[in-house]
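Colleague: Can you walk me through this one? I'd like the folds and the packing in plain words.

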Amino acid sequence: MNSKPRGVPSGGRKGGAPPLPPPNSYIRQKTNKRNHNKRKPTWRNAKTHATANKTTATDPATAPTPTSIEPCYASFHNNTITCRSEDPTLAWNHVLSKSTAPCLQVSSVVPRTLFASPRAPETLRVVCISDTHGKHRRMTKDIPAGDVLIHAGDFTNCGHTSQIKDFCKWMAGMPHTHKILICGNHDITCDKDYYNGTAKNGQASWKRFHHNGKNDDVAARRALRETKNLIYLEDESIVIDGYSFYGSPWQPEFCDWAFNLDRGYPCKMMWEKIPTATDILITHGPPVGHGDMVSQQQRAGCVDLLSAVTERIRPLYHVFGHVHEGYGVTTNQTTTFINASTCTLSYRPNNAPIVFDLPRKNLNTIPSTKMESNNSGIIKISAKMKRTIALLTLILGSCCVFLLFQQPWHIHYIFLKDSVNGLLFDRSSLPTTMKDL
Ligand SMILES: [Zn+2]
C-alpha cells in the first residue's frame with residue numbers, strides 16, 4: 001500500500017500513473033460487495049486453501065459456514081481478549097485498553113540501517129527493503145551487503161510486465177547469496193485471477209491501470225518463478241541456514257487492488273496457512289499496531305494477522321511494507337516487526353534498507369526443496385551423492401596414481417587410504433614412500 005491521498009493506504013499513485021482512487025474511496029468501497037468473489041476473498045475459498053496445507057484445519061463439511069460479511073473475532077492473550085476484526089483502529093484501541101500483556105506491548109526500536117553497525121562473526125545477515133515501486137535503480141540509500149535480501153512487495157507501480165522483468169533482473173543481480181521476493185497490491189499482473197477478472201466498477205481489472213493495452217501477465221509471472229537466483233514466495237516457505245522464511249502477498253481489502261482479501265474470515269483463514277514453525281514472516285501488509293498508522297491517524301493493519309503472529313506463530317521477525325509512513329521497527333519483546341518501506345509517503349525511494357543479524361545455525365547446508373525447484377543455482381548434495389562422489393574420486397585417483405607413477409599396487413593402496421577425507425594430492429600428507437618417488 002502506500003498511503004497516498006492523505007492517509008489512505010497504498011493503492012494510488014501520481015505523476016504519469018493511472019488515476020488514483022478518490023480519497024474517500026477506501027471507506028466507500030468497504031461497504032461494497034466485491035464482485036469477483038469467485039476467486040480468493042470468500043471464506044470458503046480461503047478455507048479450501050488452508051485445508052490443502054494444514055492437517056489441523058477444520059473439515060469444511062462439518063464447519064460452520066460464515067461469510068466475509070459475518071462478524072469475525074480475533075483473540076489475544078490466550079483468548080482472554082476478543083475483538084472484531086473489521087475495524088483495525090477500534091480493535092487495537094480495545095485490545096490496548098484491556099490488557100497489559102507483554103505480547104501486546106509495542107516498543108519502538110531504532111532501525112539498524114547499517115554501515116554503522118559491524119557484523120558479528122558467524123551470523124546470517126538479512127537486509128530488508130519493500131515498496132520500491134519501480135524505483136529500485138534510483139534508491140538514494142545504498143543496500144548493505146548480506147546473506148539474504150528480502151523485498152516485501154510493491155516492487156512496481158502497477159505491474160507492467162517490462163517493469164517486473166527489469167526488477168527481477170536487478171534483484172537477481174544483487175550480491176546477496178539469497179534474494180527473497182513477495183508481491184504487493186501494486187504488482188497486479190502477478191495476481192492472475194485479479195488481473196484477468198472484473199473490477200468493482202465493472203470493467204476489466206487490467207484496464208484500470210494499463211491504458212495502452214493488456215500486458216503479458218503470463219510472462220510477468222514466469223519472470224518471478226524462473227529468474228535465476230531469485231526466490232519468489234507466494235504462501236510458501238523456504239529454509240535458509242536452518243531458518244524458515246514464509247512469504248505471503250495478501251493484505252486486507254484496499255481500493256480493489258491485487259492480492260486483496262476482505263477483512264475478517266478471508267484474512268483469518270489465509271493466515272492459518274502460515275506454518276507455526278516460521279522464523280521470519282514476510283507479508284506485504286502489516287499487522288495492526290505495528291508500522292500501520294496512516295497519516296490520518298487511523299490504523300490500516302490486519303487484526304487477524306496480529307492475532308496469528310502473537311498467539312500462534314511468534315516468529316523472530318515479521319517483515320512487511322505497504323504503509324509507507326509506517327517505516328521503522330517495533331517489538332513486543334518476542335517478535336521484531338520491520339516496516340521496510342523504501343518509498344516515502346510521497347513515493348520517494350529515500351528510506352534506508354533495514355538490517356538484522358541471526359546467529360548461524362548451520363554453516364554448511366541450505367536445505368530447501370524450494371531452491372531446487374526454483375532453479376536458483378543452489379545444489380543440495382545428499383549423503384548418497386556424497387558417497388558416490390567419494391567413490392568416483394577414489395577410482396579416478398587410483399587410475400591417476402597408477403598411470404603417473406607406475407608403482408606397485410600396495411603403494412598405490414597406501415596412498416589412497418591416506419587420500420580419503422580431502423587429503424588427495426596434498427604432498428605433505430603423503431606416505432613416506434610416495435614422497436621419495
Ligand atoms: Zn507501496
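Modeller: We'll go through the overall make-up, then the sheets, then the core and a few single residues.

Colleague: What kind of model is it?

Modeller: It is a predicted model.

Colleague: How many helices and strands in the protein chain?

Modeller: There are 12 helices and 16 strands. The chain has 437 residues, and 44% of them are buried.

Colleague: And contacts: what share join residues at least 24 apart?

Modeller: Among contacts between residues at least 6 apart in sequence, 67% do.

Colleague: Sheets next. What is the strand order in the open sheet of 7 strands?

Modeller: The order is β3-β14-β15-β13-β12-β9-β8, and the pairing is mixed. At the edges sit β3 (107-109) and β8, each paired on one side only. Neighbouring strands in this sheet are turned by 20° against each other on average, direction ignored.

Colleague: How do β8 and β9 run, parallel or antiparallel?

Modeller: Antiparallel, with 5 bridges between β8 (residues 236-240) and β9. Serine 237 has tyrosine 246 of β9 as its bridge partner. The two strands form a hairpin with 2 residues between them, and aspartate 241 there has a positive phi near 55°.

Colleague: And on to β12, how many bridges join it to β9?

Modeller: 4 bridges, and β9 and β12 run parallel. Tyrosine 246 has leucine 281 in β12 as its bridge partner. For glycine 247 the partner in β12 is isoleucine 282.

Colleague: Tyrosine 246 came up twice there. Which partners does it have?

Modeller: Serine 237 is one bridge partner, and leucine 281 in β12 is another.

Colleague: How many residues of β9 are buried?

Modeller: 5 of its 6 residues, so to speak for the strand at 243-248, which is mostly covered.

Colleague: Other sheet. What is the order of the 5 strands?

Modeller: β7-β6-β5-β4-β16, an open sheet with mixed pairing. Its edge strands are β7 (231-232) and β16 (354-359), and each pairs on one side only.

Colleague: What does β6 pair with?

Modeller: It has a parallel partner in β5 (residues 148-151), over 4 bridges. β6 (residues 178-181) also pairs with β7 in the parallel sense, over 2 bridges. Histidine 151 stands opposite leucine 181 in β6, and leucine 181 stands opposite tyrosine 232 in β7.

Colleague: Which way do the β6 residues point?

Modeller: His178 and Ile180 go one way, Lys179 and Leu181 the other, and all are buried. As for the connection, the chain goes from β5 through helix α4 (residues 161-172) to β6, and this β-α-β crossover is right-handed.

Colleague: Switching to the core. Which residues touch the most other members of the largest nonpolar core?

Modeller: Val126, Cys128, Ile150, Ile282 and Val319, out of 79 residues in that core. Helix α8 gives the largest share of this core, with 6 residues. In general, nonpolar side chains tend to be buried together in soluble globular proteins.

Colleague: What does valine 126 touch?

Modeller: Leaving aside residues up to four places away in sequence, its contacts are Gly146, Asp147, Val148, Ile150, Val355, Phe356 and Leu358.

Colleague: Back to α8. Why is it largely enclosed by the rest of the structure?

Modeller: Because 9 of the 11 residues of α8 (residues 303-313) are buried. The buried ones are Val303, Asp304, Leu305, Leu306, Ser307, Ala308, Val309, Thr310 and Ile313.

Colleague: What covers the buried residues?

Modeller: The cover includes β1 (73-76), β2 (81-84), α3 (88-98), α7 (265-271), β12 (280-283) and β13 (317-320).

Colleague: What follows α8?

Modeller: Arginine 314, with a positive phi near 45°.

Colleague: Last topic. Where does aspartate 87 lie?

Modeller: In the loop between β2 and α3.

Colleague: Why does it count as partly exposed?

Modeller: Aspartate 87 has 17 C-beta neighbours inside 10 Å, so it counts as partly exposed. The cut-offs are 20 or more for buried and 12 or fewer for exposed.

Colleague: And what separates the C-alpha atoms of aspartate 87 and glycine 301?

Modeller: 9.5 Å, while the two residues are 214 residues apart along the chain.

Note on methods. Residues are numbered from 1 along each chain as its sequence is written. This is a predicted model: local features need pLDDT of at least 70, side-chain atom pairs count only at pLDDT 80 or more; totals for chains, interfaces and linings use all residues. Two strands pair if DSSP finds at least two bridges between them. Two residues are in contact if their C-beta atoms, placed from the backbone, lie within 7 Å. A nonpolar core is a set of buried Ala, Val, Leu, Ile, Met, Phe, Trp, Tyr and Cys residues joined through C-beta atoms within 7 Å. Axes are lines fitted to C-alpha atoms, for helices over the stretch in contact, and angles run from 0 to 180 degrees between N-to-C directions. A crossover is right-handed if, with the strands pointing away from the viewer, the path from the first strand over the helix to the second runs clockwise.
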